[in-house]
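The following report goes through a structural model step by step, from single residues to the arrangement of whole chains. Please keep the sequence and the coordinates at hand while reading.

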Amino acid sequence: MIGGPERPPDPSNAMRRFTRDHLTAVLMLLPSLVVLAVFVYGFIGQTFYFSLTDWGRDPAQALALRPERAFVGLDNYARLFTGVLETRFRQDLVNLLFFTVFFIVGTLGLGLLLAILLDRGVKGEGFFRTVFLYPFALSFIVTGTVWRWMLQPQGGVNLLPTYVGLPQGQFTWITSREQIWSFDWNLVPSITALVVAAVLLMIGWSGWRSARRGRAVTFLGVGLALAVWALSGAPGIEMLPFPERRGFNLALIGIILAAVWQMSGYTMALYLASLRGIPEELREAARVDGASGFQVYRHVVFPLLGPITLSAMIILGHISLKIFDLIWAMAGPDLATTSVPALLLYLRAFRGNQFAEGAAIAVVLLLMVATVIIPYLWSSLRGEVRR
Amino acid sequence: MMAALGRVRWSWRWLTYLLLLLATVFFLGPIYLVVVTALKEPAAIRLATAWHLPETWHWQSFAVAWEAFGPGLRNSLVLAVTATAISAMLGSLNGYVLSKWRFPGANIVFPLMLFGMFIPYQSILIPLFQFLRDIGLYGGLAGLILTHVVYGLPITTLIFRNFYAEIPDEMLEAGKIDGAGFFGLYARIVFPLSVSGFVVVVIWQFTQIWNEFLFAVTLTRRASAPITVALAQLAGGEAVRWNLPMAGAILAAIPTLIIYIILGRYFIKGLLAGSVKG
């Protein structure tokens, strides 16, 4: 993501000396730096501060020019995750999780399939490429408006089977109220801990095998302790005094479909670019060794697509975590079955003037995105410096 | 043996084209439905006949939509053109500084700038709203332009920095010997070489800003709302017949689609610049 074809400037060249022109250069950059410092870091800090206050609970103070804000600690977060009155945020998080998983899998899968088909040297490749990528140029609002019409229960997609002699589709898409794979919200700490424990154990195990024993023992130990804690019912964490069922709302399927429609051309373009970058000799060599067409993909091509898949996953995950406009256009901001945290933030902060609660949702969103982006930025830039 | 192999190849070919055809239907189907719906008389739009061609071609929907969405389209045009121009210009200067005038700390400053392009904008929305209200720019286009310029800086800076890294330092050295300073080198050497860099950045920024919704819906009042907000509001109302939102969707899509079809090559370049690791 960070680089195009990039050459870090050589520090030993003649421009190294700090001249008056260097001073001009820094002064030219300075306004952008200051503005970004305020608009990115300053505002993030403010959001975090707001999330620790009660701003908005008193309607008289909500829109005051100099609102009085009292410090309430983590109370807003506690309300979101364990509040008895605020239940929507928890379903929003679950919705976001399912949406993200299916959106990424669908977009990567369809994009890869299309790229492989086009890579086989078909006639009219330019035409197909244009057709598959054009939705990416559209606004999510346009896509949403169009797909809302496509997914009307009595029309659109549901009519298609009738044109090949099958009965009309019965699924109600966005208005569906069905929920599957439901689980108790109180299990979330245990499930999260188990996932983290599994990752730690995997890291520890691979460290053990590559003979970095010291660090491996730490990872294995912490992972094991976490797993034991989780399996014994996560003692020490009280979520809700009663079971609360949360699951996958089938209404999301239509939204996922539209999102995949819009973004899979993009992954196709990424995959096609890297497929074209694989030297033909590599595949030829595998064929000479007797590999079938499928085996060439399985053993030569797919392993080489790993890095681009990771990049695409991060970009798609980033888009998915902050998804807002598509759902707004397809289902409206108020429909709870398809809602996500970004929509709830809008409703709370900008319709209900509950700014502190909105800020707490914003911080949760930022933390989720940061866990995806920071390691990626870090490794990209470290690689660049090393080169 | 050869014949059998030939047949296998042949059927693979068939399967490839069959799948491509299915994919084409999947990607173009929505366009077909939008166009026929926009061209039907409002009274003739029924769910059961959604896929049928219109019996009479009703072009007036576009006139009505033009009336309804004219202000939104105008706002979007002013917004996208202004914000794109300013952020491209600033990005070019920043990229020039960061690639050709390395200074101590540049390696720390650049990633800190880049982070701004990855944050979910929800995380700065509430202070931004408050800030714009305090300085009197909330609700109008000026505040939205400022917002898009600021949050466009990381990506425009990134693209230009990578673009200028390709210009050999020796060219600038030669210019220096001729007595050119910071601005002279930029005006005489760097800027004239920037045309395709500007094309990539302008396409990227224009498309992003034209299509953007979150800032638009939170920071503008009705009179200065861009097209995305106008379309979302109309489509949300149930009383409206479907020909109008469909015609509106077409109007909202046309500018970015034209850019994509005419300048697709640069569009893909920008897209890869924003996503592929060198």
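In this predicted model, A:Trp181 has 9 C-beta neighbours inside 10 Å and therefore counts as exposed, a residue being classed as exposed if 12 or fewer other C-beta atoms lie within 10 Å of its own. The residue lies in strand β1 of chain A, and the phi angle of A:Trp181 is near 55°, which is a positive value in a residue other than glycine.

A second tryptophan, A:Trp173, has a positive phi as well, near 50°, and is likewise a residue other than glycine. A:Trp173 is found in the loop between α6 (140–150) and β1 (179–184) of chain A. Is A:Trp173 buried or exposed? Because A:Trp173 has 24 C-beta neighbours inside 10 Å, this residue counts as buried, the cut-off for that class being 20 or more.

A:Ala193 belongs to helix α7 (residues 188–209) of chain A and, with 20 C-beta neighbours inside 10 Å, counts as buried. The three residues are set side by side in the table.

| Residue | Location | C-beta neighbours inside 10 Å | Class |
|---|---|---|---|
| A:Trp173 | loop between α6 and β1 of chain A | 24 | buried |
| A:Trp181 | strand β1 of chain A | 9 | exposed |
| A:Ala193 | helix α7 of chain A | 20 | buried |

Which residues does A:Ala193 touch, once those up to four places away in sequence are not counted? The partners of A:Ala193 are A:Leu226, A:Trp229, A:Ala230 and A:Ala234. A:Phe242, by comparison, is 49 residues from A:Ala193 in sequence, and the C-alpha atoms of A:Ala193 and A:Phe242 are 21 Å apart in space.

From these residues the description turns to chain A as a whole. The secondary structure of chain A comprises 15 helices and 2 strands, and the C-alpha atoms of the chain fill a box of roughly 75 × 75 × 50 Å along the principal axes. Chain A has 387 residues, of which 38% count as buried. Among the contacts in chain A with a separation of 6 or more, 73% are accounted for by residues 24 or more positions apart.

Helix packing within this chain can be illustrated with one pair. Two packed helices are described by the angle between their axes and the distance between the axes. For helix α4 (residues 88–119) of chain A and helix α12 (residues 306–321) of chain A, the angle is about 140° and the axes are 10 Å apart, so that α4(A) and α12(A) are oblique to each other. The crossing in which α4(A) passes α12(A) is right-handed. On the α4(A) side the residues that meet α12(A) are A:Leu96, A:Phe99, A:Thr100, A:Phe103, A:Ile104, A:Thr107 and A:Leu108, while α12(A) contributes A:Thr309, A:Ala312, A:Met313, A:Leu316, A:Gly317, A:Ser320 and A:Leu321. By class, the residues of this contact between α4(A) and α12(A) are 9 nonpolar, 5 polar and no charged.

The domain assignment of chain A gives domain 1 (22–86 + 354–387) and domain 2 (87–178 + 250–353), and the C-alpha centres of these two domains lie 29 Å apart. Their contact takes 19 residues from domain 1 of chain A and 16 residues from domain 2 of chain A. On the side of domain 1 of chain A that touches domain 2 of chain A, α2 (59–62) and α15 (355–386) each supply at least two residues, and α15(A) gives the most, with 12 residues. The residues on that side of domain 1 of chain A divide into 14 nonpolar, 3 polar and 2 charged.

For chain B, the domain assignment gives domain 1 (2–49) and domain 2 (61–273), with the C-alpha centres of the two domains 35 Å apart. Here 7 residues of domain 1 of chain B are in contact with 8 residues of domain 2 of chain B, and the side belonging to domain 1 of chain B has 5 nonpolar, 1 polar and 1 charged residues.

The last contact to describe is the one between the chains. How many residues does each of chain A and chain B give to the contact? Chain A gives 88 residues and chain B gives 78 residues. Helix α1 (residues 20–51) of chain A supplies 18 residues, the largest share of the side of chain A that touches chain B. That side of chain A is made up of 61 nonpolar, 20 polar and 7 charged residues.

Technical notes: Residues are numbered from 1 along each chain as its sequence is written. Chains are lettered from A and ligands numbered from 1 in the order in which they are written. This is a predicted model: local features need pLDDT of at least 70, side-chain atom pairs count only at pLDDT 80 or more; totals for chains, interfaces and linings use all residues. Domain bounds come from an automatic or database domain assignment. Two residues are in contact if their C-beta atoms, placed from the backbone, lie within 7 Å. Ala, Val, Leu, Ile, Met, Phe, Trp, Tyr, Cys and Pro count as nonpolar, Asp, Glu, Lys and Arg as charged, and the others, Gly among them, as polar. Helices (H or I, at least four residues) and strands (E, at least two) are DSSP runs, numbered from the N terminus. Axes are lines fitted to C-alpha atoms, for helices over the stretch in contact, and angles run from 0 to 180 degrees between N-to-C directions. Angles under 35 degrees count as roughly parallel, over 145 as roughly antiparallel, 65 to 115 as roughly perpendicular and the rest as oblique. A crossing is left-handed if the near helix is turned anticlockwise from the far one by less than a right angle, and right-handed if clockwise.
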